[in-house]
Amino acid sequence: MFRSHILVCGGTGCTSGNSMKIYDALVARIQKEGLENEVHVTKTGCFGLCALGPIMIVYPEGAFYSQVKLEDVDEIIDEHIIKGRIVTRLLYKETVGEDGNIKALNDTNFYKKQHRVALRNCGVINPEKIEEYIAYDGYEALGKVLTEMTPQDVIDVISKSGLRGRGGAGFPTGRKWQFAKNSVGDKKYVCCNADEGDPGAFMDRSILEGDPHAVIEAMAIAAYAIGADQGYIYVRAEYPIAVQRLTIAIKQAREYGLLGKDIFGTGFNFDLDIRLGAGAFVCGEETALMTSIEGHRGEPRPRPPFPAVKGLFGKPTILNNVETYANVPQIILKGADWFASMGTEKSRGTKVFALGGKIHNTGLVEIPMGTTMREIIYDIGGGCPNGKKFKAAQTGGPSGGCIPAHLIDTPIDYDNLIAIGSMMGSGGLIVMDEDNCMVDIAKFFLEFTVDESCGKCTACRIGTKRLYEMLCKVTDGTATMEDLDKMEELCYYIKENSLCGLGQTAPNPVLSTLHYFRDEYEAHVKEKRCPAGVCKKLLRYQIVADKCKGCTLCARNCPVGAISGTVKEPHVIDTDKCIKCGVCMEKCRFGAVIKA
Amino acid sequence: MKSLEELKALRDKMRSQTDNRAVAGSDETVIKVGMATCGIAAGARPVLTALLDEAEKRQLHNVSISQTGCIGLCRLEPIVEVFKGGQKYTYVLMTPDKAKKVMAEHVVNGNPVKEYLIGEN
């Protein structure tokens, strides 16, 4: 037993903030002081509050240190670990109560409304030690399944829990497993889709980095349920930490006999391999993913036959998302009713969202389904920084849509999001404020899909390209009102005629912004004006003569020499020379430069 | 690993490694060892180690053991405070052996060891 635990976040966010060097320094200091039998330093997965990284927590006090620097290590050891005095200046402000005492982390606004199921071990255990996973009931669900349940029992529990696919489409997991179980085949496969490609989504990465064994255990459970003995995790090569921890986890599970032959002495065999994706967005689509595992170019194929009938190498296969799997061991251990008690009628359980964009608490949150967008953005996320007004939230990445401010009280679940023209997607949630131009946002996502379209079907390959060109016309101010109608028509054409999910959902960002923010499109077309002041071609910087003191600061900073004027006289911007970089506006101390 | 029993045995063993990795709940016994300069000089570290070892040996998972600073009674160090059942008990002039006895009789069996309490000697 240790008297104190120091947990250092080893997620990608904090690692890029140098948290591993902090970890090394802590270990070195603890050894130097001879405290290694009393104090345990652990690196863990993501705590979720990435905005404040590097993060560390010291237990049993529960002191949550944020934005820790390498130089702070000595102070933390000297004061907190040796003398028992918490270093208040480094504490996350939210955790310090009015009386000066530390509040439990779960009482802070960021964590209060969260309910961690898929992320339960992230930020708690060391993902590189299987023993710590086991200490938190790891592999017990697998043991229970193999010794007490039939494969049909397992599928019944998963079906009854109401778990739906967390990758975005929301297909009932139990039903998928049932199809695969019912399919006849001499060999079956279990696959995990860890090809998280949506810009702004990083929950799958965090689960793999923070709790890789949960996914491995769940895949073994799924294999038992459908009668498979081989699994593949398809993970992007751009996630080096996740790949490394998965590799370690698989090796440790094999050493303990939790993967391999005759698991728990029950005669059940299951092994697992990693396949690295090269970062093509389309490989997150199930048929393309399996084609890629087979060693071919990652292109989708028409369905049916569905993977449950004819999947990887032509054999019955199930493919689930990382987050879906992370829920499975908990459902087996705590029961279907426990899981079904969370969430809404048709969307049970919790969902992890990656908060990004114009929001205070950038990071990872897990909330029960049915929580409103308002609670996520204001209560948990802390609202938009700098007092800006919330304009819209984008969910579902390039396949999703924008949710405007007046729908902020919609309870989030699969069906509600589709009803308002967006989708759950993998759970990226990008917040936009009044400074974001909605046409520009649509253009951003479409540019992404144009790049990522695999080119197999015409509707997607050429359709998205033409749609992108039309959007460029809008942002350049050369579009007509007819173009807007044509755009809408093309959107529906692409949706109806594309082969796979990529093309079928690619126009969503355009359709939803056209629907909710048509006034912004019209301002671009009719008035040749970008209301948010983003689209450069429609921008014009001006100096208000009354406010200008003639300090020459703007003229000195203008990179193209477009500003002229004499000292103490109002300056003028030459709009022909101006490249609209905005430096003059930033530098002006009198607010004399305006966008028009 | 060839059986569920083996897994459970490993889980229980590992739990003591991860105990104390949470803020103590209201049903937990909290033990604090005074470890300022005076406490350490008087021999608080072996007392703390004895408490930790004993908790591990007895597989006590509802106990939180940590250190605290000086409470101002330096002549009675090492001091160990036990918070149990909403009450605070202050043990003074502790030794590793006394600490083991407190663990066994007070923390496990619920009978405070009167003769080590402050005011009793």
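These are my notes from looking through a predicted model with chains A and B.

**Entry 1: the sheet in chain A**

I began with the sheet of chain A. It is an open one built from five strands, and the order I wrote down is E7-E8-E6-E5-E9, with mixed pairing. Which strands sit at the edges? I get E7 (260–263) and E9 (317–321) of chain A, each of which pairs on one side only. I also looked up the twist: ignoring direction, neighbouring strands of this sheet are turned by 25° against each other on average.

**Entry 2: E8(A) and its partners**

Next I followed strand E8 of chain A, residues 268–277. With E6(A), residues 230–236, it pairs in the parallel sense, and I noted seven bridges for that pair. A:Gly231 is the residue that stands opposite A:Leu272 of E8(A).

How do E7(A) and E8(A) run, parallel or antiparallel? They run antiparallel, joined by two bridges. I looked for a partner of A:Ile263 and found A:Phe268 in E8(A). E7(A) and E8(A) make a hairpin, and four residues lie between the two strands. One thing I flagged in the turn is A:Phe264, whose phi is positive at about 55°.

**Entry 3: helices on the sheet**

Then I checked what packs on these strands. Helix H11 of chain A (residues 240–255) packs on the sheet and touches E6, E7 and E8 of chain A. Its direction makes about 165° with that of E8(A).

Helix H13 of chain A, residues 322–334, lies across E5 (189–194) and E9 of chain A. What angle does H13(A) make with E9(A)? I have it running at about 95° to E9(A).

**Entry 4: the H18(A)/H19(A) pair**

I moved on to helices H18 (residues 458–476) and H19 (residues 481–497) of chain A. Their axes come within 10 Å and cross at roughly 160°. The cut-off for roughly antiparallel is over 145 degrees, so H18(A) counts as roughly antiparallel to H19(A). The crossing in which H18(A) passes H19(A) is left-handed.

For the contact I listed residues on each helix. H18(A) brings, among others, A:Ala459, A:Gly463, A:Leu467 and A:Met470. H19(A) meets them with a set including A:Met487, A:Leu490, A:Cys491 and A:Ile494. How does this contact divide by class? I have nine nonpolar, three polar and four charged residues. Among the charged ones I noted A:Arg466 and A:Lys473 on H18(A), and A:Asp483 and A:Lys486 on H19(A).

**Entry 5: chain B**

A look at chain B by itself. Its secondary structure comes to four helices and four strands, and along the sequence I read the pattern α-β-α-α-β-β-β-α. The C-alpha atoms fill a box of roughly 55 × 30 × 25 Å along the principal axes. Of its 121 residues, 35% count as buried. I also checked contacts in chain B with a separation of 6 or more: 64% of them are between residues 24 or more positions apart.

**Entry 6: where A meets B**

Last, the interface. I find 27 residues of chain A in contact with 30 residues of chain B. On the side of chain A, the elements giving two or more residues are strand E1 (4–9), helix H5 (130–135) and helix H6 (140–148). Which of these gives the most? That is H5(A), with four residues. By class, the chain A side that touches chain B has 11 nonpolar, eight polar and eight charged residues.

Notes
Residues numbered from 1 in each chain as written. Chains lettered and ligands numbered in written order. Predicted model: local features only at pLDDT ≥ 70, side-chain atom pairs only at ≥ 80, totals over all residues. Axes fitted to C-alpha atoms, helices over the stretch in contact; angles between N-to-C directions. Parallel < 35°, antiparallel > 145°, perpendicular 65-115°, else oblique. Left-handed = near helix turned anticlockwise from the far one by under 90°. Contact = placed C-beta atoms within 7 Å. Buried ≥ 20, exposed ≤ 12 C-beta atoms within 10 Å, placed from the backbone. Pairing = 2+ DSSP bridges.
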